[in-house]
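Subject: Structure handover

Hello,

The structure you asked about is below, and my notes on it follow. Please read them with the model open.

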Amino acid sequence: MPWLQLKARIAPEQAELLEELLLAEGATAITLQDAEDDPLFEPERGTTPLWDETVLTGLYDDLEGLSAMLERLGAAWAEAMPGEPCPEIEHELLDDRDWERAWMDDFKPLRMGQRLWIVPSWHEAPDPEAVNLLLDPGLAFGTGTHPTTALCLAWLDRLAVDGELQGRRVLDVGCGSGILAIAGLRLGADAAVGTDIDPQALSASRDNAERNGVAEQAFALYYPEQLETSARFPVVIANILAGPLVELADEIAARVAPGGRLALSGILETQAEEVREAYEDQGLIMDEPDVREGWVRLDGRRPD
Ligand SMILES: C[S@@+](CC[C@H](N)C(=O)[O-])C[C@H]1O[C@@H](n2cnc3c(N)ncnc32)[C@H](O)[C@@H]1O
């Protein structure tokens, strides 16, 4: 059965209203997508990445009433947002498909480092003998395809090869889908703690942990303010953008135990120096950046 798709590019703060209006018109599925390759890199410090545009898509099985529907949407928008022009709504007829999950077609198993594979949970693992991390990011960030995540996975893989992960506890600040913490566990860490300000991330992380047979007590998940102030970790990883990394430098650096290792990512090449200085000011010894596609990972160590 073909579908009618309505699509609008809209400011993120208006997306909820349009979503409600599309649902009120009987949308079978609604998809919200950030312009993921085009974030605003310096949102207010301490906030999540921002995108100046959200793409909102609604799917309908009623192909007949398009013009009446567009008229009703325009009127409902004008009533809710007087004086604010209604966003342009494009329409298209689509062939039948599982549209809610269509993005999954582009997410293929990825090899990271020497032993680790990130395998979409709906795929066969290409190498059953490898360390296979089964992942469904749901609505959270972190499939491994983004260079910042890939840089962090490569770091974890190297720590494992160097014997610096086995038996240790990992803190993953901004855990998203949980991909880094779970990779740490699958590569030999004893336990992991993930923090995130986004409830979707905490729930995706828990689901992905279960998918990978990680025991609940091996992977604790918290909102940042719930993590005990005195908790220190031998391995700390934070992939959360340069602004928050600088803003939180004292808190994140304080989590690194004496002799512990730190990796920071989500940093553009041009921002690396500022981030590096912020962590050196906190007593960490920072290495030269590792760069991939304009993104940087900074590694550090707290002296013994
Ligand atoms: C770029 S994603 C990284 C996700 C995953 N760790 C990865 O490497 O793919 C950044 C994550 O950090 C979270 N975040 C942003 N600011 C944060 C903060 N101050 N404390 C904890 N998490 C934060 C976001 O909600 C998001 O899930």
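V236 is in contact with L171, V173, I252, R255, V256, G260 and L262, if neighbours within four places in sequence are left aside. Together with L156, V236 has the most contacts inside the largest nonpolar core, a set of 63 residues. Helix α3 (residues 147-161) gives the most to this core, namely eight residues. Another core lies apart from it and has twelve residues, including L4, L6, L18 and L56. As background, nonpolar side chains in soluble globular proteins tend to be buried together. Note that this is a predicted model.

For overall context, the protein chain has eight helices and 15 strands. Of its 304 residues, 38% count as buried. Among contacts between residues at least 6 apart in sequence, 66% join residues at least 24 apart.

Annotated positions

The unreviewed UniProt entry carries a "binding site" annotation that covers T149, G174, D196 and N239. I looked at two of these.

D196 sits in the loop between β9 (191-195) and α5 (199-211). D196 is buried, because 26 other C-beta atoms lie within 10 Å and the threshold is 20 or more. Beyond residues up to four places away in sequence, D196 touches G174, C175, G176, A201 and L202.

N239 belongs to strand β11 (residues 233-239). With 27 other C-beta atoms within 10 Å, N239 is buried as well. Its contacts, again without neighbours within four places in sequence, are T148, T149, C152, G174, L180, S265 and G266. G174 is thus listed among the contacts of D196 and among those of N239, and G174 is itself covered by the annotation.

Strands β1 and β3

Strand β3 (residues 54-60) has alternating side chains: T54, L56, G58 and Y60 point to one face and are buried, whereas V55, T57 and L59 point to the other and are not. Strand β1 (residues 3-10) runs antiparallel to β3 and is joined to it by seven bridges. One of the residues concerned is L4, whose bridge partner in β3 is Y60. L4 and L56 are both among the residues of the twelve-residue core.

The three-stranded sheet

An open sheet of three strands has the order β5-β6-β7, and its pairing is mixed. Its edge strands are β5 (110-112) and β7 (131-135), each of which pairs on one side only. From one strand to the next, the twist averages 25°. Three bridges pair β5 with strand β6 (residues 116-120) in the antiparallel sense, and L110 stands opposite I118 in β6. Helix α3 packs on the sheet and touches β5 and β6, with its direction at about 50° to that of β5. Helix α4 (residues 179-186) lies across β6 and β7 and runs at about 150° to β7.

V131 is in strand β7. Is V131 buried, or partly exposed? V131 is partly exposed, because 18 other C-beta atoms lie within 10 Å, and buried would need 20 or more. V131 touches R115, L116, W117, R186 and L187, not counting residues up to four places away in sequence. The C-alpha atoms of V131 and A78 are 54 Å apart, with the two positions 53 residues apart along the chain.

Helix α8

In helix α8 (residues 272-280), the buried residues are A272, V275, R276, A278 and Y279. They are on the same side of α8, because they cover an arc of only 160° around the axis. An α-helix has 3.6 residues a turn, so residues three or four places apart point the same way. The buried residues of α8 pack against α6 (242-247), α7 (249-254), β12 (256-268), β13 (285-286) and β15 (295-301).

Backbone points to check

Most residues other than glycine have a negative phi. L241, not a glycine, has a positive phi of about 85°. L241 is found in the loop between β11 and α6, and counts as buried with 28 C-beta neighbours inside 10 Å. E293 is likewise not a glycine and has a positive phi of about 50°. E293 lies in the loop between β14 (290-292) and β15, and counts as exposed because there are 10 C-beta neighbours inside 10 Å.

Regards

Note on methods. Residues are numbered from 1 along each chain as its sequence is written. This is a predicted model: local features need pLDDT of at least 70, side-chain atom pairs count only at pLDDT 80 or more; totals for chains, interfaces and linings use all residues. UniProt positions are given in the numbering used here, feature names are shortened, and annotations may be inferred rather than shown by experiment. Helices (H or I, at least four residues) and strands (E, at least two) are DSSP runs, numbered from the N terminus. Two residues are in contact if their C-beta atoms, placed from the backbone, lie within 7 Å. The arc is that of the directions from the helix axis to the C-beta atoms. Two strands pair if DSSP finds at least two bridges between them. A nonpolar core is a set of buried Ala, Val, Leu, Ile, Met, Phe, Trp, Tyr and Cys residues joined through C-beta atoms within 7 Å. Axes are lines fitted to C-alpha atoms, for helices over the stretch in contact, and angles run from 0 to 180 degrees between N-to-C directions.
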